[in-house]
Amino acid sequence: MRHTFATWSLAAGMSIFTLSRRMGTSVQMIDATYGHLAQDAEDQDRDLLDAFDGQNGTGGHVVGTNQDGADAGEQPQK
């Protein structure tokens, strides 16, 4: 049942990280044992990042990473 749960979870798109927490084991063990079942993981990760990048027109901005060096309350670097 454990193997079936892991296999079906990955097939449904659950991340290896989440699956490792649900199963009470390490990401390394999940990757070594079931990683071959998550072959589209890179595509899924790329889609998640693309979706985040397009949210609310934020462009995926993280505080402290503005290209011109300016964040809220800071002056742009020249």
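## A first look at an all-helix chain

The protein chain has four helices and zero strands. Follow the sequence along and you get the pattern α-α-α-α. Keep in mind that this is a predicted model. Of the chain's 78 residues, 18% count as buried.

Two of the helices have a clear inside and outside, so to speak. Here is how they line up:

| Helix | Buried residues | Arc of the buried residues |
|---|---|---|
| α1 (residues 2-11) | Ala-6, Ser-9, Leu-10 | 95 degrees |
| α2 (residues 16-23) | Ile-16, Leu-19, Ser-20, Met-23 | 100 degrees |

Let's start with α1. Ala-6, Ser-9 and Leu-10 are its buried residues. Around the axis they take up an arc of only 95 degrees, so they sit on the same side of α1. Turn to the face pointing away from that buried side and you'll find Trp-8 and Ala-11, both exposed.

Now for α2, where Ile-16, Leu-19, Ser-20 and Met-23 are buried. Their arc around the axis is only 100 degrees, which means that they share the same side of α2. Over on the other side, Phe-17, Arg-21 and Arg-22 are exposed.

Further along the chain, there's some charge to look at. Glu-42 has its place in helix α4, which covers residues 41-53. Is Glu-42 buried or exposed? Its relative accessibility is 60%, and exposed means over 50%, so Glu-42 counts as exposed. Glu-42 also has company: together with Asp-45, Asp-47, Asp-50 and Asp-53, it forms a patch of negative charge on the surface.

Note on methods
Residues are numbered from 1 along each chain as its sequence is written. This is a predicted model: local features need pLDDT of at least 70, side-chain atom pairs count only at pLDDT 80 or more; totals for chains, interfaces and linings use all residues. Side-chain values use heavy atoms; hydrogens and water are left out. Patches are made of residues with over 30% relative accessible area and no salt bridge: like charges are joined within 9 Å, nonpolar side chains (Val, Leu, Ile, Met, Phe, Trp, Tyr) within 5 Å. Accessible areas come from the Shrake-Rupley method with a 1.4 Å probe; for residues, only the protein chains shown count as cover. A salt bridge is a side-chain nitrogen of Lys or Arg within 4 Å of a carboxyl oxygen of Asp or Glu. Lys and Arg count as positive and Asp and Glu as negative; His and the chain ends are not counted. The place of a charge is taken as NZ of Lys, CZ of Arg, CG of Asp or CD of Glu. Helices (H or I, at least four residues) and strands (E, at least two) are DSSP runs, numbered from the N terminus. Buried means under 20% relative accessible area, exposed over 50%, partly exposed in between (1.4 Å probe, protein chains only). The arc is that of the directions from the helix axis to the C-beta atoms.
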